[in-house]
Amino acid sequence: AEPARELGEREQDLLTVIARQVCMAVERNDMTRVMEQRSQRLARAPQLARRIAGQRDPRAVARLATRELAEGFGYCRVSIALVEAGDLRIVASAGALPHRPTPTGACAEPLLEVFRDGAARVMCGSGCDGGRDSNAPHGCCSQLVVPLVGGGQERLGVIAVYGRGSDALTEDDLHLLESVADHLAATLKQAGLYEELEASYFKTVEALATALEAKDAYTLDHSRSITEVAALVGSRLGMGEDELRELRLGALLHDIGKIGIPTEILNKPGPLDDEERLIMERHTVIGEQIIAPVEFLENIRPLVLHEHERWDGQGYPHGLAGHDIPLGARIIFVCDAWHAMTSNRPYRAALDPGEARKRLRSGAGSQFDPEVVTAFLELDELGVLDAASVSSVTVTTA
């Protein structure tokens with residue numbers, strides 16, 4: 001073999017130039033990759049803001065945000081901790097699993113420190129991996145924690161973002177996460193206010209419903225019993241969350257107008273005569289008038305007013321037919337009829353469930369919406385209605 005020849009000066013200069021160009025090309029590629037990643041994240045930030053806008057459940061806001069930040073922004077792991085019942089608790093996470101699983105909701109010390117200090121923090125190095133932060137994923141070498149601060153400097157929680165590379169999180173990520181945190185805090189504050197307002201509304205509704213107890217104990221029990229049953233039927237028919245909330249309220253209040261019906265008619269031990277029946281039928285109109293001044297019950301009014309309309313147009317008070325009757329009212333009508341048929345009343349004993357099912361089927365297409373009857377009977381066959389009818393009497397927002 002020939003002995004190795006030393007490189008000449010010109011060859012050394014050429015190799016130096018080549019090496020420099022290679023380094024510059026690598027740097028350009030890295031810079032291009034970083035810039036593309038930044039551009040993608042900046043482009044997705046408004047999309048995230050739109051997705052969480054209008055959400056009414058703080059935990060739903062947190063779930064949407066963590067999933068989008070992990071999947072859309074490409075962060076290794078994302079967690080959001082919120083203040084609940086006076087404690088900071090992790091309510092949503094997405095991405096890689098934590099290095100050391102902790103009890104549900106437990107909050108790691110670095111997250112608590114940022115929450116208490118109210119200042120964002122970027123950490124790099126192996127200390128992030130399973131050190132003081134048990135929420136960090138295995139191999140984590142970067143951690144960014146940003147506080148969620150509402151109006152008036154109210155501390156709502158924190159966002160924690162993790163990366164595996166020691167340089168995975170930079171100042172750009174900090175600025176981006178601070179912007180996201182501003183949107184998130186505003187949405188969470190709005191959702192919290194909505195929850196407080198909604199809780200107040202439900203107390204008002206329950207107070208209205210409880211007022212029936214002094215007038216007719218059966219009516220109160222009857223309305224409460226069909227509330228969850230109606231919601232199950234509505235869910236089976238594809239109703240959304242807001243529609244189901246309104247359906248529950250409508251079912252609870254559908255007989256509120258009976259407050260205005262004379263007690264001797266409500267509790268008459270025999271069938272009503274024609275004049276008494278006309279007075280009784282006024283309860284839907286009276287009920288709608290009672291809740292009309294309550295703004296948040298605006299969408300409930302049609303359910304209360306039209307709950308006794310028939311599919312064939314022979315019901316009251318306006319003789320609506322078919323799909324002109326609000327779906328919620330059609331559902332309440334079927335559940336109302338079922339509960340009335342299977343309950344003991346002063347003028348008759350409860351019907352056997354088999355006979356009640358037979359009467360629902362025979363009334364489908366004339367008295368009742370056939371699709372609602374089908375959904376009701378399918379749920380009855382599955383055995384879920386009995387449990388629902390004896391569930392908590394409190395109207396929930398779920």
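# Briefing: salt bridges, strands and helix contacts

The count of salt bridges comes to 16. The model is predicted. Two aromatic pairs are also present. The points below take up selected salt bridges, the pairing around strand β5, one aromatic pair and one helix packing.

**Salt bridge R121–E113**

- R121 and E113 form a salt bridge, with 2.6 Å between the closest N and O atoms.
- R121 is partly exposed, at a relative accessible area of 25%.
- E113 has a relative accessible area of 18%, so it falls under the 20% cut-off and is buried.

**Salt bridge R248–E228**

- R248 pairs with E228 in a salt bridge whose closest N and O atoms are 3.2 Å apart.
- R248 belongs to helix α6 (residues 241-253) and E228 to helix α5 (residues 217-236), so this salt bridge ties together parts 20 residues apart in sequence.
- R248 and E228 are both buried.

**Salt bridge R359–E355 and a network**

- R359 and E355 meet through their side chains in a salt bridge, 3.0 Å from N to O.
- Both residues lie in helix α12 (residues 353-363), four residues apart, so about one helical turn separates them.
- R359 is partly exposed, with a relative accessible area of 41%.
- E355 is also partly exposed, at 29% relative accessibility.
- Elsewhere, E113, D117 and R121 are joined into one network by salt bridges that share partners.

**Strand β5 and its partners**

- How many of the nine residues of strand β5 (residues 155-163) are buried? Eight are, so the strand is largely enclosed by the rest of the structure.
- Strand β1 (residues 77-84) pairs with β5 in the antiparallel sense, over six bridges.
- Within that pairing, I80 stands opposite I159 in β5.
- Strand β4 (residues 142-149) also runs antiparallel to β5, and eight bridges join the two.
- Here L148 stands opposite G157 in β5.
- β4 and β5 form a hairpin, with five residues between the strands.
- G152 sits in the turn of this hairpin and has a positive phi of about 70 degrees.

**Aromatic pair W338–F376**

- A pair of aromatic rings is described by the distance of the centres and the angle of the planes.
- The structure holds two such pairs. One of them is W338 with F376, at 5.3 Å centre to centre and 55 degrees between the planes.
- Why does this pair count as tilted? Its 55 degrees lies neither under 30 degrees, as stacked requires, nor over 60, as edge-to-face requires, so the pair is tilted.
- W338 is in helix α11 (residues 327-341) and F376 is in helix α13 (residues 370-382), so the pair ties together parts 38 residues apart in sequence.
- W338 is buried, with a relative accessible area of 14%.
- F376 is buried too, at 1% relative accessibility.

**Helix packing α6–α11**

- Two packed helices are described by the angle between their axes and the distance between the axes.
- α6 and α11 pack at an angle of about 50 degrees. Their axes are 10 Å apart.
- At that angle, α6 and α11 are therefore oblique to each other.
- The crossing of α6 past α11 is right-handed.
- Each of these two helices also holds a residue described above: R248 lies in α6, and W338 lies in α11.

Methods. Residues numbered from 1 in each chain as written. Predicted model: local features only at pLDDT ≥ 70, side-chain atom pairs only at ≥ 80, totals over all residues. Heavy atoms only, no water. Salt bridge = Lys/Arg side-chain N within 4 Å of Asp/Glu carboxyl O. Buried < 20%, exposed > 50% of the residue type's maximum accessible area, 1.4 Å probe, protein only. Pairing = 2+ DSSP bridges. Phe/Tyr/Trp six-rings, centres within 6.5 Å; stacked < 30°, edge-to-face > 60°. Axes fitted to C-alpha atoms, helices over the stretch in contact; angles between N-to-C directions. Parallel < 35°, antiparallel > 145°, perpendicular 65-115°, else oblique. Left-handed = near helix turned anticlockwise from the far one by under 90°.
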